[in-house]
Amino acid sequence: MNRIITMTAYRRPLYTRQVLEALAQCEGVADWRLIASVEPGCEEVAEAFEGFDACEKHVVLNYQRKGLNRNTHAAMLRAVDADVQTLVHLEDDVVPSPDALRYFAWAVEEAMPRLPDDVLFASGYRKSPREPKKKERFLVNTRSVFTPWGWAVDRQRLDWMLKRWRFKNPKCFTCAFKKRFQGSHRELFPLLSRIQNIGFEDGENNRTPQWYRENHFTPWVAGVLPAKPYRLVGGDSGSTPAKARRYVSEAQRWIQQGRPVRTDAEVAAIYELACVPCEHFDARRNTCTVCGCRIRKSGRALTNKLKMATTSCPKGKWGPGATPLIACSSGIS
Ligand code: SF4
């Protein structure tokens with residue numbers, strides 16, 4: 001398996017050093033090759049790469065500044081030229097946790113081949129609304145694409161992505177992609193983040209350090225953990241006739257009661273706090289394996305049980321009558 005880490009860097013040597021120091025501490029880093037695409041104008045950034053010797057490396061110093069979008073694309077093409085099979089992409093402000101490479105390798109080489117084609121990437125980042133529990137440290141789920149702060153992909157999906165690359169926004173390669181595919185494609189993510197975003201100063205989009213801190217910093221990131229296996233949340237049950245009947249009866253009750261709906265914020269909170277960490281959530285099919293209903297973070301009521309305000313969790317974790325986590329008349333407190 002040809003494993004390659006691509007990395008882009010520009011004008012922030014302190015961040016670059018921090019990322020490279022963390023990368024050097026990652027489990028199994030010697031099994032990977034680093035291909036770095038470095039923008040010109042800051043010798044200290046290039047020097048930071050000179051000092052990195054944790055794995056084989058190929059560092060390219062751009063003759064002219066390419067901008068984030070084209071620089072990322074160039075790094076990916078170099079990985080393709082090097083016949084990459086498993087690719088991890090880091091930017092100069094995303095710090096991997098000690099088991100990040102092990103997580104990415106598992107996600108791309110073991111989990112993704114068993115998942116439908118709509119699962120495109122493995123993201124390493126998560127900003128959880130609460131501290132993940134100990135039992136959730138090795139759980140992995142899916143969500144809509146695309147969270148590009150430390151992510152991985154296999155060769156087939158990388159080729160797919162490169163064919164659809166858009167260059168219109170020089171500062172962002174994900175914006176157009178996200179707009180086009182976030183309703184139809186998913187990515188894996190760990191319930192406990194394997195990436196910290198430290199890019200508060202000199203960001204490409206001219207926002208304040210405070211904005212970056214509030215929006216990109218995640219309070220909970222994996223530290224040194226035992227080498228336990230990762231596990232995709234959710235079982236493997238499909239839609240049986242009994243489950244289909246149950247769903248039809250839920251929908252009929254909802255229609256009879258005047259089609260009341262939960263707000264998008266309520267739906268998102270139930271999804272994130274109750275269903276995503278739940279052992280009965282089938283991330284591959286976006287369904288609850290107990291009742292068989294579709295469970296989504298957003299979407300219309302008839303295709304999303306959470307949107308229908310007449311519904312509740314079959315295990316009592318949310319909805320009218322549930323205590324204490326997420327309960328009130330509309331299903332959330
Ligand atoms: S509806 Fe309840 S049992 Fe089903 S996945 Fe959500 S929290 Fe778990």
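Me: How many residues of domain 1 are in contact with how many residues of domain 2?

Reply: Happy to look at this predicted model with you. The protein chain is divided into domain 1, spanning 3-231, and domain 2, spanning 234-333. Counting across the boundary, the contact involves nine residues of domain 1 and seven residues of domain 2.

Me: By class, what does the side of domain 1 that touches domain 2 have?

Reply: Nine residues of domain 1 are in contact with domain 2. By class, that side has four nonpolar, two polar and three charged residues.

Me: How far apart do the C-alpha centres of the two domains lie?

Reply: The two parts to compare are domain 1 (3-231) and domain 2 (234-333). The distance between their C-alpha centres is 32 Å.

Me: Which residues of the largest nonpolar core touch the most other members?

Reply: Good one to ask! The core holds 78 residues, and helix H4 (residues 100-111) gives the largest share, nine residues. Both domain 1 and domain 2 give residues to this core, so it lies between them. The members that touch the most others are Phe104, Ala107, Ala122 and Ala152.

Me: Leaving aside neighbours within four places in sequence, which residues is Ala122 in contact with?

Reply: Ala122 is one of the four core residues that touch the most other members, and two of the others, Phe104 and Ala107, lie in its contact list, as does Ala152. With sequence neighbours within four places set aside, the full list is Phe104, Ala107, Val108, Met112, Trp151, Ala152, Glu187 and Leu188.

Me: Why is strand S9 largely enclosed by the rest of the structure?

Reply: Let's take the strand face by face. On one side sit Arg186, Leu188 and Pro190, on the other Glu187 and Phe189, and all are buried. Strand S9 is therefore largely enclosed, with buried residues numbering five of the five.

Me: Which residue in S9 is the bridge partner of Phe121?

Reply: Strand S6 (residues 119-123) runs parallel to S9, and three bridges join them. Strand S7 (residues 139-144) runs antiparallel to S9, with five bridges, and there Arg143 has Glu187 as its bridge partner. In S9, the partner of Phe121 is likewise Glu187.

Me: How do the residues of the shell around the ligand divide?

Reply: The residues around the ligand include Cys275, Cys278, Cys288 and Cys313, along with His280, Lys315 and Lys317. Others around the ligand are Ala274, Phe281, Val290, Ile295 and Pro314. By class, the shell divides into nine nonpolar, one polar and two charged.

Definitions and conventions. Residues numbered from 1 in each chain as written. Predicted model: local features only at pLDDT ≥ 70, side-chain atom pairs only at ≥ 80, totals over all residues. Near = placed C-beta within 6 Å. Nonpolar A, V, L, I, M, F, W, Y, C, P; charged D, E, K, R; others polar. Domains from an automatic or database assignment. Buried ≥ 20, exposed ≤ 12 C-beta atoms within 10 Å, placed from the backbone. Helix = DSSP H or I, 4+ residues; strand = E, 2+ residues; numbered from the N terminus. Pairing = 2+ DSSP bridges. Core = buried A, V, L, I, M, F, W, Y, C linked by C-beta atoms within 7 Å.
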